[in-house]
Amino acid sequence: MRYSRFFLPTLKEVPAEAEIASHKFMLRAGMIRKLASGLYTYLPFGLRAIRKVEEIVRQEMNRAGGIELLMPMVQPAELWKESGRWDKYGKELLRFKDRHGRDFCLGPTHEEVITDLIRKHVRSYRDLPLNLYQIQTKFRDEIRPRFGIMRAREFIMKDAYSFSSTEESLDEIYGAMYKAYCNIFERCGLDFRPVEADTGTIGGHASHEFMVLADTGEDDIACCTSCSYAANTELAQVKPKGDTEPFVPGKEELRKVETPGKKSVEDVTRFLNKKATELVKTLIFLADERPVAALVRGDHDINEIKLAKVLGAERLEMAPSETVEKITGAPVGFAGPKGLPSDVRLVADVSVAHMKDFVAGANEKDAHFVGLNWKRDLDLPEIHDIRVITSEDPCPRCGGVIEIKRGIEVGHIFKLGTKYSEAMGATFLDDKGREQPVIMGCYGIGIGRTVAAAIEQNHDDRGIIFPAPISPFQVIISVINVKNEKMLSVGEDLYGRLLTKGLDVLLDDRNERPGVKFKDSELIGIPVRVTVGKKAVDEGLVEVTDRRTMETKLVAIDEVCSKVEPLLK
């Protein structure tokens, strides 16, 4: 491709709307342009990167036994009502009516559509297993779209759905998808970790997220330094530690102390000259509209996903301040386990179970208890793992050291089981003629997100540093002076040679200053730059620059191909 004929509108200044590196550089490098909130046009340069990722995904999905199809983006409400998600999915589901007044939505995902297809065509266990996938546009009406295509409302996704007659078959496909995903992200040149994860609104009983490690990631992941354990902190289990002996209360006298205006852990502990580890934090939630008091140590945070699972709650939310005051008799900040109404369910984290002589709210304005003890002053509540793991906790698998890293989710695989097939009547006859629900799996990859995550992980102050497998072009040839016929001729010759080698090449034949060409090439991040200047004409030498290291070597024209190819591996 000739730069002079290509549509690549770069920007010198950082757009005000851009917050993170990928958003800044995708705008500046002419990859995307904003149409409206969360809606972007993929310009030719950006689309080439998208297509590179799509091709890697297709190759690995096909290799793993996937079969490609394409489903409609517009979906009838009836299917979502059958699955039970029409009312549960929330406002991210963009609903509308057609001209006949019938309800539809723009698909954020396709479990209902694919299940409807399967129930119409699968009759026997002999028709299974199947693994069908598509690469298609999705729409989720995000309340706050941000970070460019990292969290857009409209986005490109690969979603696959497997159908099995046995759990063993599901396990086999799930394992194949896990391996395929590892292959995909390795081939994309990404530093990633598969992590155990919560199933969220999709449902199911097991899942893994594939996280690209980056400081700007939205998710915290717990990684063991000794074994392969990795999990989203939403799911990561905390290995209990501490006393194994029967609990014996402490000896400090129970006192109610005035703490005027002291609500936060920091304020209370500073005022009482205590440590956060000596305070029990009491948070009031509504679980399916029923009040629950959750207790964690002062230096820990509640894990709402774990808590919801313990409670068996479909909907869990922090109680509003008026509700807290009605339940506890005090404003927010003074709740505690002693003296709560009997109809309030009390759930404590495992770290709280062996605490002695601790501080907690007195359920009274401007007052806390000091010297509280289980069994002596109040009964021990339900004990569960309901907190967020920290780097001070041991690995729940091997006991090793845990590191908390930031990650960008680019893929997610689920064992759905029979959630959708039972709800929608997708069944088959087994080998004994009995009707059984189809067992499902679901496997998604954010295509645009993968490109954005690659940029988050691969950039410097100059611009993008594309991993070669997903770079829009692999080589850029910068001709210093296109008005010099000999110089341009050398550039044209090299362009033809590299194309013959099967490489994607951008020939910068613009009539621009060398500084402009160099800055643009570094901004757009093409892995290798070949600079054709005066030495090419006088000495038969060109400069070959590795974008990642910015190391430049003089290379004979006839050796360019042999020198460039290793830099792309």
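Asp504 counts as partly exposed, at 24% relative accessibility. In this predicted model, the side chain of Asp504 meets that of Lys52 in a salt bridge. The structure holds 51 salt bridges. The points below cover some of these pairs, then helix 6, an open sheet of five strands, and a few backbone features.

**Salt bridges**

- Side chains of opposite charge can pair when their charged atoms come close.
- Between Lys52 and Asp504 the N to O distance is 3.0 Å. Lys52 belongs to helix 2 (residues 44-63), while Asp504 sits in the loop between helix 11 (485-500) and strand 26 (505-508), so this pair ties together parts that are 452 residues apart in sequence.
- Lys52 has a relative accessible area of 18% and is buried, because the cut-off for buried is under 20%. Asp504, at 24%, is partly exposed.
- Arg510 and Asp508 form another salt bridge through their side chains, at 2.9 Å from N to O. Both Arg510 and Asp508 are buried.
- In the salt bridge of Arg462 with Asp460, the closest N and O atoms are 4.0 Å apart. Arg462 is partly exposed, with 42% relative accessibility.
- A network of salt bridges links Glu142, Arg146, Arg151, Glu218 and Arg449.

**Helix 6**

- Helix 6 spans residues 265-272, and its buried residues are Val265, Val268, Thr269 and Leu272. These buried residues cover an arc of only 90° around the axis, which puts them on the same side of helix 6.
- An α-helix has 3.6 residues a turn, so residues three or four places apart point the same way.
- The cover over the buried residues of helix 6 includes strand 13 (255-258), strand 14 (280-287), strand 18 (358-361) and strand 19 (367-372).
- Asn273, just after helix 6, takes a positive phi of about 55°.

**An open sheet of five strands**

- Strands of a sheet pair through backbone hydrogen bonds, either parallel or antiparallel.
- The strand order in this open sheet is 16-14-15-17-20, and the pairing is mixed. At the edges stand strand 16 (316-318) and strand 20 (382-384), each with a single partner strand, so one side of each is left without a neighbour in the sheet.
- From one strand to the next, the twist averages 35°.
- Strand 14 and strand 16 run antiparallel and are joined by three bridges. Phe285 has Met318 of strand 16 as its bridge partner.
- Strand 14 thus has two roles here, because it belongs to this sheet and is also among the elements that cover the buried residues of helix 6.

**Backbone features in loops**

- Leu128 and Pro129 are joined by a cis peptide bond, with omega about 5°. Pro129 lies in the loop between helix 4 (111-121) and strand 7 (130-139).
- Phe147 is a residue other than glycine with a positive phi, near 65°. The loop between strand 7 and strand 8 (154-164) holds Phe147, which is buried at a relative accessible area of 15%.
- Asp366 also has a positive phi in a residue other than glycine, near 60°. Asp366 is placed in the loop between strand 18 and strand 19, and at 24% relative accessibility it counts as partly exposed.
- Strand 18 and strand 19, on either side of the loop that holds Asp366, are both among the strands that cover the buried residues of helix 6.

Technical notes
Residues numbered from 1 in each chain as written. Predicted model: local features only at pLDDT ≥ 70, side-chain atom pairs only at ≥ 80, totals over all residues. Heavy atoms only, no water. Buried < 20%, exposed > 50% of the residue type's maximum accessible area, 1.4 Å probe, protein only. Helix = DSSP H or I, 4+ residues; strand = E, 2+ residues; numbered from the N terminus. Arc of directions from axis to C-beta. Contact = heavy atoms within 4.5 Å. Pairing = 2+ DSSP bridges. Axes fitted to C-alpha atoms, helices over the stretch in contact; angles between N-to-C directions.
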